[in-house]
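Trainee: I am new to this structure. Could you take one part and walk me through it closely, then show how it connects to the rest?

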Amino acid sequence: MFGIHAVESVLKHAPERVLELWLMTGRQDERVLPLLEIAQNWGIKAQQAARKTLDEKAESTQHQGIIIRVRPAKVLTENDLEALLDATETPFLLILDGVTDPHNLGACLRNADAAGVHGVIVPKDNSAGLTPTVSKVACGAAETVPLFQVTNLARTMKRIQERGVWIAGTAGEADSTLYEANLKGPLAIAMGAEGKGLRRLSREGCDTLISIPMAGSVSSLNVSVATGICLFEAVRQRLG
Ligand SMILES: C[S@@+](CC[C@H](N)C(=O)[O-])C[C@H]1O[C@@H](n2cnc3c(N)ncnc32)[C@H](O)[C@@H]1O
């Protein structure tokens with residue numbers, strides 16, 4: 001993993017995952033010093049290396065002079081989701097039905113964290129996983145927002161509905177709009193994949209379908225942008 005925010009988030013929320021920390025030679029400024037202090041408190045030694053070595057280790061030039069090697073995060077599944085629902089009074093969930101671009105997944109996780117979403121549900125297959133790029137784009141949210149990877153999304157949707165969660169699916173062509181929907185109670189907002197939108201079974205499993213009204217000539221929004229708009233309309237209603 002690499003980049004200031006991603007590294008900071010792991011050091012703060014899951015320091016036990018850090019195996020190695022590498023710093024670009026000469027990088028000792030006020031942005032990295034607090035991170036080095038946290039690392040030191042956890043007994044993690046910072047090693048120095050030239051920019052070229054970090055580029056190679058990160059397989060990217062976007063590391064901002066700091067990278068960590070980590071143990072893989074625990075994969076959360078259907079059972080963990082049940083536990084979350086047991087523990088949460090008014091769940092606020094995000095479903096991403098097959099988002100495959102790591103930049104989009106990272107941006108969606110960032111939006112989800114900012115909106116106070118309790119968990120993000122994705123199908124195990126045909127979705128982006130938690131890669132270093134996802135973590136970098138998520139700016140720390142990949143470590144704070146629980147990501148549930150489920151084997152059968154349609155079944156999981158049914159299950160959360162049985163537990164009282166209302167699912168609002170999103171589609172540009174839906175007749176009712178986001179702004180007409182009541183998003184106040186136990187809620188999951190379902191977003192579709194970049195190319196195809198929501199799959200048929202997912203779409204049919206939703207309690208309602210809503211659209212974001214579009215004024216211009218493009219047919220749809222980027223999924224992470226649409227996610228941000230929908231989540232923050234829900235936040236607006238839930239705070240009111
Ligand atoms: C790039 S769009 C997919 C477009 C796809 N061709 C379709 O027909 O759904 C990716 C996802 O972003 C969301 N989205 C994008 N624009 C939207 C809009 N105007 N209203 C509601 N959701 C939208 C939906 O969840 C959609 O499945």
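Mentor: Start with Leu94, which stands opposite Ile189 in strand 9. This is a predicted model, so read every position as a prediction. The pair belongs to a longer match: strand 4 and strand 9 run parallel and are joined by 5 bridges.

Now look to another partner of strand 9. Strand 7, residues 166-170, pairs with strand 9, residues 187-191. That pairing is also in the parallel sense, over 4 bridges. Two of the matches can be named. Trp166 has Leu187 as its bridge partner, and Ile167 has Ala188.

Step back to the sheet. It is open, has 7 strands and shows parallel pairing. Its order is 6-5-4-9-7-10-8. Find strand 9 there, between strand 4 and strand 7. At the edges stand strand 6 (147-150) and strand 8 (176-177). Each has a single partner strand, so one side of each is left without a neighbour in the sheet.

How well covered is strand 9? Mostly: 5 of its 5 residues are buried. In a regular strand, side chains alternate between the two faces of the sheet. Check both faces here. Leu187, Ile189 and Met191 lie on one side, and Ala188 and Ala190 on the other. All of these residues are buried, so both faces of strand 9 are covered.

A helix lies over this region. Helix 10, residues 223-239, lies across strand 4 (92-96), strand 7 and strand 9. Its direction makes about 160 degrees with strand 9.

Next, follow the chain out of strand 9. Gly192 sits in the loop between strand 9 and helix 9 (200-205). Is Gly192 buried or exposed? Gly192 is buried, because 23 other C-beta atoms lie within 10 Å, and 20 or more is the cut-off. Leave aside neighbours within four places in sequence, and Gly192 is in contact with Asp97, Thr170, Ala171, Gly197 and Leu198.

Gly192 also appears in a record. An unreviewed UniProt entry has the annotation "binding site" covering Gly192, Ile212 and Leu221. These three are spread over 30 residues of sequence, yet they cluster in space. The largest C-alpha distance among them is 13.3 Å.

Take Ile212 next. Ile212 lies in the loop between strand 10 (208-211) and helix 10. Ile212 counts as partly exposed, because it has 18 C-beta neighbours inside 10 Å. Not counting residues up to four places away in sequence, Ile212 touches Leu178, Leu221, Ala226 and Ile229. So the contacts of Ile212 include Leu221, another residue that the UniProt annotation covers.

The model also holds a ligand, and 16 residues surround it. The closest are Thr170, Gly192, Gly197, Leu221 and Ala226. Compare that list with what you have just seen. Thr170 and Gly197 are among the contacts of Gly192. Leu221 and Ala226 are among those of Ile212. By class, the shell around the ligand has 8 nonpolar, 6 polar and 2 charged residues.

Now move to another part of the chain. For residues 2-76, UniProt lists "domain: RNA 2-O ribose methyltransferase substrate binding", again from an unreviewed entry. The span is 36% helix and 21% strand, and its end C-alpha atoms lie 23 Å apart.

There is another open sheet to find, with 3 strands in the order 2-1-3. Its pairing is mixed. Strand 2 (46-49) and strand 3 are the edge strands, each pairing on one side only. Neighbouring strands of this sheet are turned by 30 degrees against each other on average, direction ignored. Strand 1 and strand 3 pair in the antiparallel sense over 5 bridges. Here Glu20 stands opposite Arg69 in strand 3.

Helix 1 packs on this sheet, touching strand 1 and strand 3. Its direction makes about 45 degrees with that of strand 3. In helix 1, residues 4-13, the buried residues are Ala6, Val7, Ser9, Val10 and Leu11. They pack against several elements, including helix 2 (33-41) and helix 6 (132-138). Helix 3, residues 51-58, lies across strand 1, strand 2 and strand 3, running at about 140 degrees to strand 1.

Finish at Lys74, in the loop between strand 3 and helix 4 (78-87). Lys74 is exposed, with 10 other C-beta atoms within 10 Å.

How values were computed
Residues numbered from 1 in each chain as written. Predicted model: local features only at pLDDT ≥ 70, side-chain atom pairs only at ≥ 80, totals over all residues. Near = placed C-beta within 6 Å. Nonpolar A, V, L, I, M, F, W, Y, C, P; charged D, E, K, R; others polar. Pairing = 2+ DSSP bridges. Helix = DSSP H or I, 4+ residues; strand = E, 2+ residues; numbered from the N terminus. Contact = placed C-beta atoms within 7 Å. Axes fitted to C-alpha atoms, helices over the stretch in contact; angles between N-to-C directions. UniProt positions renumbered as here; feature names shortened; annotations may be inferred. Buried ≥ 20, exposed ≤ 12 C-beta atoms within 10 Å, placed from the backbone.
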